[in-house]
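User: Hello! I am new to this structure and would love a short guided tour. Could you show it to me?

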Amino acid sequence: MEIRIVDDYREMSEKAAALVAEQLRDKNNSVLGLATGSTPEGMYKELVKMYRKSCLDFSTVTTFNLDEYVGLSNQHPQSYCAYMHKHFFDCVNIKPEKINLPSLSKNEADPAKVCRDYDRKIEQAGGIDLQILGIGVNGHIGFNEPAKNLPVGTYLVGLSAETIEANSRFFSSPEEVPRKAITMGVGSIMFAKRILLLASGKSKAPAIRDSFNGYVTTEVPASLLQLHHNSIVLIDKDAASLL
Ligand code: PGA
């Protein structure tokens, strides 16, 4: 694992987009693992800019998103599906049939099968070449919340109070934040050939400190990235301020 510290959010976003571009130049049919949240928004903006300048082509790229709320329709403005279409998919030439988002309805009869099928699809696509990650204030990656143990594959998860609180800024009240989500497991993430974790701002500094202090624990899920042979932690000075 390598930690790269940059000045600010803008530089983090530009460098993240440059790493994605490098990945696509090396392998134009790359499989990308994608994240949502406020952190990667700047990276998507940069990628869209590069696409518009004809520097990047997404027509042969396959994507798998990390996670999605349970109980929000795809059209709900706070669904991760809506986020991805708004910030990225609808702005570049990615083929709709190559877009994959985990999705679980509240009344799904067999959630375990939906999760297994998602992992199988990732495997059939050849695995993830580059996985983008944000990090929660509690050290979560995807929606892998701090816990005594964590599932390897995709699963249905109850969100922690901290995550509900952190995400309530996107909803009109904390009560509206869904309590459950479907998320790729830490195994699905760690099997990626390369991982790029992004973080910006002082609010992430404690999570960054606790994740990359030389110890590994599922109580701080991002700490597992220390075990990955090809992971980059690209963070700004504020996020790195407690390292
Ligand atoms: P954020 O979320 O980018 O909106 O801070 C990151 C996360 O919770 O993984």
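**A first look**

Analyst: Happily! The chain holds seven helices and 10 strands, where helices (H or I, at least four residues) and strands (E, at least two) are DSSP runs numbered from the N terminus. This is a predicted model, in which local features need pLDDT of at least 70, side-chain atom pairs count only at pLDDT 80 or more, and totals for chains, interfaces and linings use all residues. Residues are numbered from 1 along each chain as its sequence is written, and side-chain values use heavy atoms, leaving out hydrogens and water.

User: What is the radius of gyration of the chain?

Analyst: This value is taken over C-alpha atoms, and the globule rule is 2.2 Å times the number of residues to the power 0.38. For 243 residues the rule gives 18 Å, and the chain comes close to that, so it is as compact as a globular protein of that length. The radius of gyration is 17 Å.

User: What share of the residues is buried?

Analyst: Buried means under 20% relative accessible area, exposed over 50%, and partly exposed in between (1.4 Å probe, protein chains only). Of the 243 residues in the chain, the buried share is 53%.

User: Which residue has a positive phi although it is not a glycine?

Analyst: Look in the loop between helix 2 (41-52) and strand 3 (62-65), where Ser54 sits. With 66% relative accessibility, Ser54 counts as exposed. The residue with a positive phi, about 60 degrees, is Ser54.
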